[in-house]
Amino acid sequence: MGGDAFLTRLGSPEAGPRWLLLGEVGFDSVYEDDVPLAACAEIEGLFTDLPQRPRERFTLVGCAPDGAFADLLNRLPAEALGTERAWLDDVAIMAPAPSKSMSPSWSGEYLGDVLVLGQRPSRVGPGFVDIDLDGLVHVYDRTDAVVRPGNVAQFVLLGGDETPYGTCRDVSGVFREQAPPLVPQVRLLGCRPEAPLLAALDAVGQSSKASLRRRRIRAEVHTIAADGSAHRVIDAVVSGTVESGEPSRFGGELLDVTVDSDPQEPLPTAVLDILTHWHHGPPAQKNMWSGYGRELRHQWAMVAAAHQSVAQDRPAGTTYDLDGRFVTDIEGFYCAVGEAINGPGGYFGCNLDAFDDCLRGRFGASTPFRLVWHDSTVARDHLVAGYDRRRLAPAATMEHLLGIFAEHDVEIDLR
């Protein structure tokens, strides 16, 4: 039974559950991500505010710096090593290519927003130095493992645009095992489990490997709207091992199910506030995202993406109006251009690649079209060159966005 049929059987959405879980339990068959597992009233632990990700320390061991990296190190006075900091932008740590015609077997790791803390002679030998850095490893989730590659005796260092930064014999602080769960348990409250989840609950208390496997769950979370439709909450996943089930305080035959969570980052609690704007359908007016900061503006675009309807593109030559009053960051641009093209709560990209993809069609507009960008000076003042510490990448500038529009023959009227 698919998710739509399951929702029909649940009955009145206004008095019914708030969340729908679609996924798999047990992993004994080919993975199907749309199998109904449960509907529930609340989910504890799925939305949790975390402290800012801490910066990390790394050491390049036995380093032979080159190019701009060597120039930066030479500018650090010897008496200040270890105390004076110098910003290095980003650093890629790669394996040497086997030959000019072959690519390395390992794709490498990337360090963002790097500061040089100091250097000292290395035990590797004369002419080599150990260099201490401060920054962040590029990972999708802060709990992700970073696996050390095998059979790499020397690492190649690259800067932006693959600028050579030299080599090093080893790196400490980068490679690590997966971190423990940031939220140890997720609780499904007021849960109406379907057969696969009931089978997992039946295996609770058994100690065999087979029973442990039967208790494994991975489910994407969908929010149930007032009209009974369900929409995926992007990046909201219940993944782990079913630990217990007990009668729920919500009464009836409902259960409260506890899942020992796998390592993963939860979504911010303010996503719940964002979702309320869609409970009775798309927002009725534009710019309801404008009071949010950058992270929540990104989450707004994610919710808009999950709610986008597949509609025929409006014809080429159409004129759209972009309200630029709140485009104070790149996330605000994505929210504003989504609403310019597709109305309140509209989606037209959530990052540069997605934005470029939307301009190729199937997201509401056919190119070429005309975009009237009102209050464009706001973006001109804020979308400027520099380093974006949220994205760990060079900042997306207004000029870059205008260049993408130009590549797709979009006429821009800046006002």
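Here is a walk through a predicted model, from one of its helices to its charged pairs and its cysteines.

Let's start with helix α2, which covers residues 67–75. Phe69, Ala70, Leu72 and Leu73 are buried there. Looking down the axis of α2, you'd find these buried residues within an arc of 160°, so they line one face of the helix. Asn74 and Arg75, on the other side of α2, are exposed. And what lies over the buried residues? The cover includes the strands β3 (56–65), β4 (86–94), β5 (109–121), β6, β7 (155–158) and β8 (164–168).

One of those strands, β6, runs over residues 129–137 and holds Asp130. This residue is a bit of a puzzle: Asp130 is buried but has no salt bridge. The nearest side chain of opposite charge belongs to Arg120, 4.5 Å away, and a salt bridge has to be within 4 Å, so the pair doesn't count. What does the side chain of Asp130 reach instead? It reaches the backbone nitrogen of Gly62 at 2.9 Å, and it makes a polar contact with the side chain of Ser122 at 2.8 Å. Setting aside sequence neighbours within four places, the contacts of Asp130 include Thr59, Leu60, Val61 and Gly118.

Elsewhere, salt bridges do turn up, and the count comes to 27. Take Glu56 and Arg176, whose side chains meet at 2.5 Å, N to O. Glu56 sits in strand β3 and Arg176 in the loop between β9 (170–172) and β10 (185–193), so this pair ties together parts that are 120 residues apart in sequence. Glu56 is buried, at 13% relative accessible area, while Arg176 is partly exposed at 26%.

Arg142 and Glu265 form another salt bridge, at 3.3 Å from N to O. Here a loop between β6 and β7 is linked to the loop between β13 (255–261) and α5 (270–276), so the parts tied together are 123 residues apart in sequence. Arg142 is partly exposed, and so is Glu265.

Then there's Arg391, which pairs with Asp388, their closest N and O atoms being 3.6 Å apart. Arg391 is partly exposed, whereas Asp388 is buried. Through shared partners, salt bridges join Arg294, Glu295, Glu331, Asp388, Arg390 and Arg391 into one network.

Finally, the cysteines: how many disulfides does the structure hold? Zero. For Cys63, the nearest cysteine sulfur is that of Cys168, 5.6 Å away. Cys358 isn't in a disulfide either, with the sulfur of Cys350 nearest at 7.9 Å. Cys63 counts as buried at 0% relative accessibility, and Cys358 counts as buried at 1%.

Note on methods: Residues are numbered from 1 along each chain as its sequence is written. This is a predicted model: local features need pLDDT of at least 70, side-chain atom pairs count only at pLDDT 80 or more; totals for chains, interfaces and linings use all residues. Side-chain values use heavy atoms; hydrogens and water are left out. A disulfide is a pair of cysteine sulfur atoms within 2.5 Å. Buried means under 20% relative accessible area, exposed over 50%, partly exposed in between (1.4 Å probe, protein chains only). Helices (H or I, at least four residues) and strands (E, at least two) are DSSP runs, numbered from the N terminus. Lys and Arg count as positive and Asp and Glu as negative; His and the chain ends are not counted. A polar contact is a pair of N or O atoms within 3.5 Å; within protein, one must be able to donate a hydrogen and the other to accept it, and residues adjacent in sequence count only if both atoms are side-chain atoms. Contact means heavy atoms within 4.5 Å. The arc is that of the directions from the helix axis to the C-beta atoms.
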